[in-house]
2 protein chains.
Amino acid sequence: MALGVREQVLDHARADILEAAATCFMERGYTETSIDDVARSLGATKGRIYHHFRSKADLFAEVFRMGMEMNYAALEPLRLTRGRASARWRRMAQAHVMQMITTKAFQRAVWMGVDMHLRGATTPEQRTTFGALLQHRSEYGNMFREVIVQARDEGDFDFTNLSITNQLMFMTLNSPIFWYSPRTGETRADIEELAQQVVTCAWRGLGGKEEQAKR
Amino acid sequence: MALGVREQVLDHARADILEAAATCFMERGYTETSIDDVARSLGATKGRIYHHFRSKADLFAEVFRMGMEMNYAALEPLRLTRGRASARWRRMAQAHVMQMITTKAFQRAVWMGVDMHLRGATTPEQRTTFGALLQHRSEYGNMFREVIVQARDEGDFDFTNLSITNQLMFMTLNSPIFWYSPRTGETRADIEELAQQVVTCAWRGLGGKEEQAKR
DNA sequence: TTGACAACATACCGGGTAGTATGTTCATCA
DNA sequence: TGATGAACATACTACCCGGTATGTTGTCAA
């Protein structure tokens with residue numbers, strides 16, 4: 001199940017700001033979003049935000065971190081489940097895609113954070129913060145990496161170049177953060193089916209057998 | 001074969017600026033890139049750029065347009081080739097991925113342009129320009145859409161939801177603009193093999209038969 | 001030779017924004 | 001009940017950057 005911000009952050013005031021900030025960053029991008037924009041979307045002013053966060057970069061880093069921690073929390077219960085690796089991958093992938101959809105704003109921030117770091121668009125001080133976050137993120141990626149290797153060893157997946165395959169897999173699984181938008185009257189089941197289609201596409205890309213692809 | 005800027009743009013002065021601008025936009029993003037940055041990377045000043053382009057938004061739009069036109073030019077010779085649709089798709093996809101890699105900076109601008117348009121981060125005047133460009137781009141997308149439908153009708157592809165499948169396919173084919181970076185001593189053949197792996201992954205996602213997947 | 005224009009460089013202005021310094025309000029507790 | 005501090009709002013500053021107005025240089029045609 002997907003986890004929201006309020007379950008993760010105890011401080012309500014901070015959680016509200018983080019959620020508003022995530023939405024603004026998603027809608028307008030990092031630089032195009034002013035602190036006043038975030039404040040306005042809360043019906044407040046700058047003072048409120050700077051009372052809880054030291055800087056704009058700091059606020060963004062927290063949104064970044066939050067997005068990743070929610071992913072970890074969603075994946076944790078699935079890590080040690082038994083059975084074939086390919087089945088475990090499918091559960092993990094499904095959970096991941098669900099996170100991409102249900103916490104889209106935060107995941108966009110994660111994406112942007114990675115992009116900013118790679119481009120070096122960070123203050124030296126921020127660079128260490130981002131470095132730690134990306135370290136954490138790469139561990140997250142490794143969880144998938146290990147599973148698909150294991151599934152290949154078990155004969156369920158079939159691919160040659162691990163790095164590229166892993167890259168492409170994540171590209172597919174993450175893609176909803178770019179094209180998904182909620183439809184009116186959409187149920188939880190609708191979203192899960194949507195996620196399943198994404199997972200199936202990635203499954204095929206990994207060389208997964210077709211019989212198991214439908215679930 | 002991939003086409004560069006100089007083949008497309010007659011005016012050398014404009015071509016130089018466009019190339020520098022594309023690189024800057026890729027490295028720093030649109031807003032983070034100042035006109036002075038672009039000028040500095042050319043060893044020049046603002047004056048040179050504003051002599052050839054009316055505004056920053058206009059400069060960006062030209063980079064955007066250039067990226068798309070190069071794609072069209074690369075795809076044009078393949079449009080009407082004979083044979084099975086799935087084979088034609090493979091050739092088109094291969095050419096597309098090659099474009100993503102060899103003109104990465106411009107393709108990133110295209111991506112950013114789409115993103116900006118969707119977010120409404122454009123001046124009203126720019127909005128019409130972008131609208132036309134995106135119209136053109138959607139035609140480009142339709143060329144692939146038609147081919148994969150045809151290939152499905154011929155029994156070579158197998159998928160249910162066209163929209164999502166098309167979305168995910170492009171996501172995979174475009175992905176090199178995010179993760180590709182040239183290696184020292186890399187040959188044309190190396191890049192083509194890399195592209196082939198991406199194409200194969202997308203092929204599988206479309207439900208393509210495995211026998212033909214290796215080429 | 002000169003004037004005229006293209007192709008820039010230089011100098012400057014104004015708007016927007018991150019960050020700060022300083023109120024103001026309200027709850028809590030001694 | 002008065003003091004204290006958290007949780008904001010308001011007012012202000014400094015800076016960056018897009019755009020413009022103006023200067024400079026080389027070239028080419030008459």
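Start with DNA strand D and select the 16 residues around it; A:Ala44, A:Gly47, A:Arg48, B:Ser34 and B:Lys56 come nearest. The model on screen is predicted. Both chains appear in that selection, so colour by chain before going on.Next, pick out the elements behind this surface. H4 of chain A, together with helix H3 (35–41), H4 and helix H5 (56–79) of chain B, each supply at least two residues of the surface near DNA strand D. H4(A) gives the largest share, four residues. Colour the selection by residue class: five nonpolar, six polar and five charged residues make up the surface near DNA strand D.

Now move to DNA strand C. Which residues are closest to DNA strand C? Of the 16 residues that surround DNA strand C, the closest are A:Ser34, A:Lys56, B:Ala44, B:Gly47 and B:Arg48. Helix H3 (35–41), helix H4 (46–52) and helix H5 (56–79) of chain A, together with helix H4 (46–52) of chain B, give two or more residues each to the surface near DNA strand C. Here the largest share, four residues, comes from H4(B). The classes on the surface near DNA strand C are five nonpolar, six polar and five charged residues.

Hide the DNA and superpose the protein chains. A turn of 180° with a shift of 0.0 Å along the axis lays chain A on chain B, with an RMSD of 0.1 Å. That is the relation of a two-fold axis.

Keep both chains visible and select where they meet. In this interface, 21 residues of chain A are in contact with 21 residues of chain B. On the side of chain A that touches chain B, helix H2 (12–28), helix H9 (162–174) and helix H11 (188–205) of chain A each supply at least two residues. H9(A) contributes the largest share of that side, six residues. By class, the side of chain A that touches chain B holds seven nonpolar, nine polar and five charged residues. Of the interface residues of chain A, 100% are also interface residues in chain B, so the copies meet through the same surface.

Stay in chain A and display helix H6 (residues 85–102) with H11(A). Their axes come within 9 Å and cross at roughly 125°. H6(A) and H11(A) are therefore oblique to each other, and H6(A) passes H11(A) in a right-handed crossing. To see the contact, show A:Arg90, A:Ala93, A:Gln94, A:Val97, A:Met98 and A:Ile101 on the H6(A) side. Facing them from H11(A) are A:Ile191, A:Glu192, A:Ala195, A:Gln196, A:Val198, A:Val199, A:Ala202 and A:Trp203. The contact of H6(A) with H11(A) has 10 nonpolar, two polar and two charged residues.

Switch to chain B and select helix H6 (residues 85–102) and helix H11 (residues 188–205). At what angle do H6 and H11 of chain B pack? The angle is about 125°, with the axes 9 Å apart. That makes H6(B) oblique to H11(B). The crossing of H6(B) and H11(B) is right-handed. H6(B) brings B:Arg90, B:Ala93, B:Gln94, B:Val97, B:Met98 and B:Ile101 to the contact, and H11(B) brings B:Ile191, B:Glu192, B:Ala195, B:Gln196, B:Val198, B:Val199, B:Ala202 and B:Trp203. Of the residues in the contact of H6(B) with H11(B), 10 are nonpolar, two polar and two charged.

For the last stop, leave H11(B) displayed and add helix H9 (residues 162–174) of chain B. H9(B) and H11(B) pack at an angle of about 170°, their axes 9 Å apart. That makes H9(B) roughly antiparallel to H11(B). Show B:Leu168, B:Met169, B:Thr172 and B:Leu173 in H9(B), which meet B:Val198, B:Cys201, B:Ala202 and B:Gly205 in H11(B). The contact of H9(B) with H11(B) divides into six nonpolar, two polar and no charged residues. Two of the H11(B) residues listed here, B:Val198 and B:Ala202, also belong to the contact with H6(B).

Methods: Residues numbered from 1 in each chain as written. Chains lettered and ligands numbered in written order. Predicted model: local features only at pLDDT ≥ 70, side-chain atom pairs only at ≥ 80, totals over all residues. Least-squares fit on C-alpha atoms with pLDDT ≥ 70 in both. Contact = placed C-beta atoms within 7 Å. Near = placed C-beta within 6 Å. Nonpolar A, V, L, I, M, F, W, Y, C, P; charged D, E, K, R; others polar. Axes fitted to C-alpha atoms, helices over the stretch in contact; angles between N-to-C directions. Parallel < 35°, antiparallel > 145°, perpendicular 65-115°, else oblique. Left-handed = near helix turned anticlockwise from the far one by under 90°.
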